[in-house]
Amino acid sequence: MKLIIVLGMVEHENKIAKMFKESNIPIYSKVDIEGIKSGQKQVDLSNWFGSGIDTDLSIMFFAFIANGNAEKLYNKVAEFNKDENRISPLHAFQVPVEKFI
């Protein structure tokens with residue numbers, strides 16, 4: 001079993017959902033994310049919550065899947081990213097699930 005995650009801008013929400021469905025991943029979750037652009041190379045702990053800096057609305061889709069379904073989704077994300085010269089491409093990654101209850 002794997003945990004597969006796709007991150008993107010909120011404007012691409014419908015396209016990402018379609019990618020999951022077309023990749024035979026019918027059950028998934030999504031989370032709205034507020035991305036922070038601080039312009040700093042190091043974490044500024046005095047500004048932990050990002051007040052007064054630029055933010056972007058992003059979205060994260062994730063699903064626990066059988067080992068075989070991830071490749072279709074990766075191909076769709078790769079195709080989406082090369083379709084245009086995107087400022088903010090989609091990011092996809094997987095994490096092996098060693099144990100679950």
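Colleague: Which residues form a nonpolar patch on the surface?

Modeller: Good place to start! Keep in mind that this is a predicted model. The patch is made up of Met-1, Phe-64 and Phe-100, and together they have about 350 Å² of accessible area.

Colleague: Where does Phe-100 lie, and is this residue buried or exposed?

Modeller: Look in the segment after strand 4 (91-96) for Phe-100. Exposed means over 50% relative accessible area. Phe-100 has a relative accessible area of 58%, so this residue counts as exposed.

Colleague: What is the general idea for nonpolar side chains?

Modeller: In soluble globular proteins, they tend to be buried together. In this structure, the largest nonpolar core has 16 residues. Those with the most contacts inside this core are Ile-4, Val-6, Ile-16, Phe-20, Leu-73 and Leu-90.

Colleague: Which elements give two or more residues to this core?

Modeller: Two strands and two helices do: strand 1 (2-9), strand 3 (54-65), helix 1 (13-22) and helix 2 (70-83).

Colleague: Could we zoom in on one core residue? What is Ile-16 in contact with, leaving aside its neighbours within four places in sequence?

Modeller: Happily! Ile-16 touches Val-6, Gly-8, Ile-59, Phe-61 and Leu-90.

Colleague: And what pattern does the chain follow along the sequence?

Modeller: Reading along, you meet β-α-β-β-α-β, with two helices and four strands in the chain. Now take the contacts with a separation of 6 or more: 78% of them join residues 24 or more positions apart.

Colleague: How much of the chain counts as buried?

Modeller: Of its 101 residues, 27% do. The chain's accessible surface comes to about 7,400 Å², and carbon and sulfur atoms account for 54% of that surface.

Note on methods
Residues numbered from 1 in each chain as written. Predicted model: local features only at pLDDT ≥ 70, side-chain atom pairs only at ≥ 80, totals over all residues. Heavy atoms only, no water. Core = buried A, V, L, I, M, F, W, Y, C linked by side-chain atoms within 4.5 Å. Buried < 20%, exposed > 50% of the residue type's maximum accessible area, 1.4 Å probe, protein only. Contact = heavy atoms within 4.5 Å. Patch = residues over 30% accessible without salt bridge, like charges linked within 9 Å, V, L, I, M, F, W, Y side chains within 5 Å. Areas by Shrake-Rupley, 256 points an atom, 1.4 Å probe, with all protein chains shown as cover. Salt bridge = Lys/Arg side-chain N within 4 Å of Asp/Glu carboxyl O.
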